[in-house]
Amino acid sequence: MALISRSYNLYSDVQRADDIIVVLPATAGEKNFEVEEKVRLVNPKITAEGYKIGNRGFTNYILSADDMVKA
């Protein structure tokens, strides 16, 4: 077994309805930040993953980055 990525839940002043989950590669190492500490993402990329349940469509937005550092 090998660790390939870590995910972190972020809080945003702008996006309040949903969680923002950032996925970092394992090579970025484990991150520990204080509560409400501002961070900066290195090379962020967002992708959309759509799916359907019945007649309704849903989208998961996946935010990945090379690293996350203190702002």
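Let's start at Tyr 51, which is in contact with Arg 56, Gly 57, Phe 58, Thr 59 and Asn 60 once its neighbours within four places in sequence are left aside. Tyr 51 belongs to strand β4, made of residues 45-53, and is partly exposed, with a relative accessible area of 37%. Please keep in mind that this is a predicted model. The protein has six strands and zero helices, and the points below go from the whole chain to single residues.

**Overall build**

- Read from the N terminus, the elements follow the order β-β-β-β-β-β.
- The radius of gyration of the protein is 14 Å, whereas a compact globule of 71 residues would come out near 11 Å.
- Along the principal axes, the C-alpha atoms take up a box of roughly 40 × 35 × 20 Å.
- Among contacts with a separation of 6 or more, 40% join residues that are 24 or more positions apart.

**Surface and charge**

- Buried residues make up 14% of the 71 in the protein.
- The protein has an accessible surface of about 6000 Å², and carbon and sulfur atoms account for 51% of that surface.
- There are 9 positive and 10 negative charges, and the mean positions of the two sets lie 5 Å apart.

**The nonpolar core**

- Which residues make up the largest nonpolar core? The eight are Tyr 8, Val 22, Leu 24, Ala 28, Leu 41, Leu 63, Ala 65 and Met 68.
- As a general background, nonpolar side chains in soluble globular proteins tend to be buried together.
- Val 22 is a handy residue to click on here: beyond its neighbours within four places in sequence, Val 22 contacts Arg 6, Ser 7, Tyr 8, Leu 10, Leu 41, Leu 63 and Ala 65.
- Tyr 8, Leu 41, Leu 63 and Ala 65, which are among those contacts of Val 22, are also members of the largest nonpolar core.

**Ile 21 in strand β2**

- Ile 21 sits in strand β2, a strand that covers residues 20-25.
- Is Ile 21 buried or partly exposed? With a relative accessible area of 40%, Ile 21 is partly exposed, because the buried class is kept for values under 20%.
- Not counting residues up to four places away in sequence, Ile 21 touches Ser 7, Tyr 8, Asn 9 and Leu 63.
- Of these, Ser 7, Tyr 8 and Leu 63 also appear among the contacts of Val 22.
- Ile 21 and Tyr 61 are separated by 40 residues in sequence, and their C-alpha atoms are 8.6 Å apart.

**The loop between β1 and β2**

- Asp 19 is placed in the loop that runs between β1 (5-10) and β2.
- Asp 19 has a relative accessibility of 62% and therefore counts as exposed, the cut-off being over 50%.
- From C-alpha to C-alpha, Asp 19 and Asp 66 are 20 Å apart in space, and in sequence they are 47 residues apart.

**The loop between β2 and β3**

- Glu 34 is located in the loop that links β2 (20-25) to β3 (39-42), and Glu 36 is found in the loop between β2 and β3 as well.
- Glu 34 is exposed at a relative accessible area of 62%, and Glu 36 is exposed at 72%.
- How far apart in space are Glu 34 and Lys 70? Their C-alpha atoms are 10.0 Å apart, with their positions 36 residues apart in sequence.
- The backbone at Glu 36 is worth a look too: its phi is near 65 degrees, a positive value in a residue other than glycine.

**The loop between β3 and β4**

- Asn 43 lies in the loop between β3 and β4.
- Asn 43 is not a glycine, yet its phi is positive, at about 50 degrees.
- With 48% relative accessibility, Asn 43 counts as partly exposed, since the exposed class asks for over 50%.

Definitions and conventions. Residues numbered from 1 in each chain as written. Predicted model: local features only at pLDDT ≥ 70, side-chain atom pairs only at ≥ 80, totals over all residues. Heavy atoms only, no water. Core = buried A, V, L, I, M, F, W, Y, C linked by side-chain atoms within 4.5 Å. Buried < 20%, exposed > 50% of the residue type's maximum accessible area, 1.4 Å probe, protein only. Contact = heavy atoms within 4.5 Å. Helix = DSSP H or I, 4+ residues; strand = E, 2+ residues; numbered from the N terminus. Rg over C-alpha atoms; globule rule 2.2 N^0.38 Å. Areas by Shrake-Rupley, 256 points an atom, 1.4 Å probe, with all protein chains shown as cover. Lys, Arg positive; Asp, Glu negative; His and termini not counted. Charge placed at Lys NZ, Arg CZ, Asp CG, Glu CD.
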